[in-house]
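Got the viewer open? Let's take a walk through this model, one selection at a time.

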Amino acid sequence: MVGLPVPVPGVRVCVVMNRGGCGPFACFDADFEPPGGEGGLELLSAVPEQRLPVEFLPAIREGLAQGLGDVSASALLTDGYFHETDSWPSAYRIGAEQAGRAALIGAGLLPSEEAGSLRWVHWPGSPRLRRPKRAR
């Protein structure tokens with residue numbers, strides 16, 4: 001298992017699929033670091049439970065594991081948000097998977113072209129994608 005070679009701080013995830021007033025919502029910030037001595041995925045949270053309930057942490061861990069694949073890393077959640085009715089574990093899983101892939105791009109383990117498929121995540125140095133203009 002290869003480890004994340006460099007830190008990738010400031011990864012911001014915001015999954016908003018609630019058009020029309022309801023639907024999945026998840027939002028959190030994370031800093032990625034090279035793995036500790038044991039390797040694997042280490043997930044730590046510095047976010048108070050009032051901002052990000054612990055019930056969403058297993059979904060975040062699962063999504064990060066999927067997004068990072070066979071790359072080990074430490075992830076520190078630095079901020080988080082939830083909505084009483086619209087925050088679902090599946091939204092946190094989707095966002096965390098994209099955060100893991102963003103960390104790989106930021107560390108140079110995936111090509112920057114992969115960023116085009118990451119809809120819900122931004123990080124320092126992420127490419128600004130231009131949306132196509134609508135025909136009038």
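How many salt bridges does a search of the whole structure find? The search turns up four. Keep in mind that this is a predicted model. Side chains of opposite charge can pair when their charged atoms come close, so that is what to look for at the next few stops.

**Stop 1: Arg 12 and Asp 29**

Select Arg 12 and Asp 29 and show their side chains. They form a salt bridge, and the closest N and O atoms are 2.6 Å apart. Arg 12 belongs to strand E2 and Asp 29 to strand E3, so the pair links distant parts of the chain, 17 residues apart. Now switch on a surface. Arg 12 is partly exposed, with 34% relative accessible area. Asp 29 has a value of 16%, and because buried means under 20%, Asp 29 counts as buried.

**Stop 2: Glu 62 and Arg 93**

Next, pick Glu 62 and Arg 93. Their side chains meet in a salt bridge at 3.1 Å, N to O. Glu 62 sits in helix H1 and Arg 93 in helix H2, so this pair ties together parts that are 31 residues apart in sequence. Are these two buried or partly exposed? Glu 62 is partly exposed at 41% relative accessible area, and Arg 93 is partly exposed too, at 26%.

**Stop 3: the two helices**

While you're here, colour H1 (57–68) and H2 (89–106). At what angle do H1 and H2 pack? The angle is about 35°, and the axes are 7 Å apart. The crossing is right-handed. To see the contact, select these groups:

- On H1: Ala 59, Ile 60, Glu 62, Gly 63, Leu 64, Gln 66, Gly 67 and Leu 68.
- On H2: Pro 89, Tyr 92, Arg 93, Ala 96, Glu 97, Ala 99, Gly 100, Arg 101, Ala 103 and Leu 104.

Colour them by type and you get ten nonpolar, four polar and four charged residues.

Pause on Gln 66, which has its place in helix H1. Leaving out residues up to four places away in sequence, Gln 66 touches Arg 93 and Glu 97. Gln 66 counts as partly exposed, at 47% relative accessibility. Try a distance from here to Gly 40: the two are 26 residues apart in sequence and 12 Å apart in space, C-alpha to C-alpha.

**Stop 4: Arg 101 and Glu 114**

Follow H2 along to Arg 101, one of the H2 residues in the helix contact. Arg 101 forms a salt bridge with Glu 114, with the closest N and O atoms 2.7 Å apart. Arg 101 is in helix H2, while Glu 114 is in the loop between H2 and strand E6 (121–122), 13 residues apart. Both partners are partly exposed: Arg 101 has a relative accessible area of 21%, and Glu 114 has 30%.

**Stop 5: the core**

Time to go inside. Which residues touch the most other members of the largest nonpolar core? They are Phe 28, Phe 32 and Ile 60, in a core of 35 residues. Strand E2 (8–16), strand E3 (25–33), helix H1, strand E5 (71–81) and helix H2 each supply at least two residues. H2 gives the largest share of this core, eight residues.

Centre the view on Phe 32 and show what is around it. Beyond its neighbours within four places in sequence, Phe 32 has contacts that include Leu 4, Pro 7, Val 8, Pro 9 and Val 11. Leu 64, Ser 74, Ala 75, Ala 99, Gly 100 and Ala 103 are also in contact with Phe 32.

**Stop 6: two strand residues**

Go to Ser 72 in strand E5. Ser 72 is buried, with just 4% relative accessible area. Ser 72 and Met 1 are 71 residues apart in sequence, yet their C-alpha atoms are 6.7 Å apart. Not counting residues up to four places away in sequence, Ser 72 touches Met 1, Val 2, Gly 3, Leu 4, Pro 35, Gly 39 and Gly 40.

Finish at Leu 44 in strand E4 (residues 41–45). Leu 44 is partly exposed, at 43% relative accessible area. Leaving out residues up to four places away in sequence, Leu 44 touches Ala 75, Leu 76 and Leu 77. For a last distance, try Leu 44 to Ser 90: the C-alpha atoms are separated by 20 Å, with the two positions 46 residues apart along the chain.

Definitions and conventions. Residues numbered from 1 in each chain as written. Predicted model: local features only at pLDDT ≥ 70, side-chain atom pairs only at ≥ 80, totals over all residues. Heavy atoms only, no water. Core = buried A, V, L, I, M, F, W, Y, C linked by side-chain atoms within 4.5 Å. Buried < 20%, exposed > 50% of the residue type's maximum accessible area, 1.4 Å probe, protein only. Helix = DSSP H or I, 4+ residues; strand = E, 2+ residues; numbered from the N terminus. Contact = heavy atoms within 4.5 Å. Axes fitted to C-alpha atoms, helices over the stretch in contact; angles between N-to-C directions. Left-handed = near helix turned anticlockwise from the far one by under 90°. Nonpolar A, V, L, I, M, F, W, Y, C, P; charged D, E, K, R; others polar.
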